[in-house]
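Work through the exercises below with the sequence and the model side by side. Try each task before reading its solution.

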Amino acid sequence: MNIKQIKETITCLDYLGKPAKKVAHGYLYHAPWREDKHPSLSVTPDGRGWHDLATGAKGSVIDLVMMHLNTRDFRRVIEELEKVRSDSFSFPQSNTSDGEKEKGLDYTRFELVPLQSRGLYAYLTSRRINTSIARHFLHEAHYSFEQRTDGRYLYALAFQNDKGGYELRSERFKGGTAPKGITTYLRRENAPVVVFEGFMDLLSFATLCGGVKHNYVVLNSIVNKEAAFEVLKTLTLQNQTYLCLDNDEGGENTTRWLMEQLPAAIDIRGRFAPHKDVNDYLMAIRQRGM
């Protein structure tokens with residue numbers, strides 16, 4: 001995406017989500033870059049602009065993300081907004097009725113098969129992930145948005161959540177199917193529980209460990225932290241819990257919240273710093289030949 005495309009397709013409302021309050025001049029949010037007990041971030045009715053009532057700062061959705069991430073690196077902004085666009089264009093499952101289709105997409109096919117595509121195996125290899133471990137957790141999704149007679153389709157890695165939805169990833173795509181939710185893998189008796197934001201980090205962690213040696217909880221989005229807590233509060237009584245979220249502001253805030261709820265949990269993100277997440281760490285050390 002370029003600046004023009006971003007401003008045309010993504011609004012501040014898309015990025016910030018549900019507002020704290022609707023007011024005559026638009027919407028009010030709690031400013032995500034500071035402790036803001038009384039919502040002081042004002043967003044216009046169309047979501048194209050924002051105004052920080054406490055400091056006077058204002059701007060577009062690009063300026064908003066730069067403020068939130070405390071960066072002037074446009075590449076980071078693009079990466080962040082690509083996540084928003086992917087979430088905005090998630091796919092319903094094949095049993096979803098036309099009236100329930102998300103965002104008006106004409107979704108016509110969603111089929112799961114065993115992981116088999118050479119392109120997806122190449123993608124996993126490029127991320128330095130052990131493909132045997134990947135097959136333990138992933139399917140391959142075949143999908144399309146329009147009726148086709150040539151048999152062609154798009155494909156992606158498919159990681160199932162506990163509600164029956166899927167997180168979808170390929171080299172060029174990041175999205176998912178409804179319903180959204182966390183994924184739990186709790187099959188090893190007395191083994192520690194490791195918590196991740198996304199499944200690529202789970203696969204990277206297992207690759208680093210030489211196999212599936214722990215129990216895992218994957219948030220699939222930090223908005224699912226409360227659902228994860230409901231599972232972890234019972235597990236933590238019997239199993240040590242390690243928090244391995246991203247080394248960014250979202251990961252920091254979510255880790256802090258979970259540790260307030262689960263004082264016995266241990267934050268292990270520092271083991272992978274200064275890299276953003278476990279996969280970035282894995283790729284870095286493998287590129288150095290370690």
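**Exercise 1: A hairpin and its neighbour**

Strand 8 and strand 9 form a hairpin with five residues between them, and Gly-164 in the turn has a positive phi of about 100 degrees. The model is a predicted one: local features need pLDDT of at least 70, side-chain atom pairs count only at pLDDT 80 or more, and totals for chains, interfaces and linings use all residues. Residues are numbered from 1 along each chain as its sequence is written, and side-chain values use heavy atoms, with hydrogens and water left out.

Task: Find how strand 9 pairs on each side, and state whether its faces are covered.

Solution.
- Step 1. Fix the terms. Strands (E, at least two residues) and helices (H or I, at least four) are DSSP runs, numbered from the N terminus. Two strands pair if DSSP finds at least two bridges between them.
- Step 2. Take strand 8 (residues 154-160). Four bridges join strand 8 to strand 9, and the two run antiparallel. Phe-159 has Glu-167 of strand 9 as its bridge partner.
- Step 3. Turn to strand 10 (residues 173-176). Strand 10 pairs with strand 9 in the antiparallel sense, over four bridges. Here Arg-169 is bridged to Lys-174. Strand 9 and strand 10 also form a hairpin, with two residues between them.
- Step 4. Check the cover. Buried means under 20% relative accessible area, exposed over 50%, and partly exposed in between (1.4 Å probe, protein chains only). In a regular strand the side chains alternate between the two faces of the sheet. Tyr-166, Leu-168 and Ser-170 are buried on one side of strand 9, and Glu-167 and Arg-169 are buried on the other.
- Step 5. Conclude. Five of the five residues of strand 9 (residues 166-170) are buried, so strand 9 is largely enclosed by the rest of the structure.

**Exercise 2: The five-stranded sheet**

Task: Give the strand order of the open sheet, then place strand 12 between its partners.

Solution.
- Step 1. Read the order. The open sheet of five strands runs 11-13-12-14-15, with mixed pairing. Strand 11 (183-185) and strand 15 (266-267) are the edge strands, as each pairs on one side only.
- Step 2. Look toward strand 13. Strand 12 and strand 13 pair in the parallel sense over four bridges. Val-195 stands opposite Val-217 in strand 13.
- Step 3. Follow the chain. From strand 12 the chain crosses through helix 7 (residues 199-209) to strand 13, and this β-α-β crossover is right-handed. Right-handed means that, with the strands pointing away from the viewer, the path from the first strand over the helix to the second runs clockwise.
- Step 4. Look toward strand 14 (residues 241-243). Strand 12 and strand 14 run parallel, joined by three bridges. Val-195 is bridged to Leu-243, and Val-194 to Tyr-242.
- Step 5. Check the faces of strand 12. Val-193 and Val-195 are buried on one side, and Val-194 and Phe-196 are buried on the other.

**Exercise 3: An aromatic pair**

Task: Classify the pair of Phe-196 and Tyr-216, and say which parts of the chain the pair ties together.

Solution.
- Step 1. Set the rule. Rings of Phe, Tyr and Trp (its six-membered ring) pair if their centres lie within 6.5 Å; planes under 30 degrees apart count as stacked, over 60 as edge-to-face and the rest as tilted.
- Step 2. Count. The whole structure holds 10 aromatic pairs.
- Step 3. Apply the rule. The ring centres of Phe-196 and Tyr-216 are 6.1 Å apart and the planes stand at 40 degrees, so the pair is tilted.
- Step 4. Locate the partners. Phe-196 lies in strand 12 (residues 193-196) and Tyr-216 in strand 13 (residues 215-218), so the pair ties together parts that are 20 residues apart in sequence.
- Step 5. Check the burial. Phe-196 is buried, at 0% relative accessibility. Tyr-216 is buried too, with a relative accessible area of 0%.
- Step 6. Widen the view. Phe-137, Tyr-185, Phe-196, Phe-205 and Tyr-216 form one aromatic cluster.

**Exercise 4: Cysteines**

Task: Count the disulfides, then describe Cys-209.

Solution.
- Step 1. A disulfide is a pair of cysteine sulfur atoms within 2.5 Å. By this rule the count is zero.
- Step 2. Cys-209 is in no disulfide; its nearest cysteine sulfur, that of Cys-244, is 9.4 Å away.
- Step 3. Cys-209 is partly exposed, with a relative accessible area of 24%.
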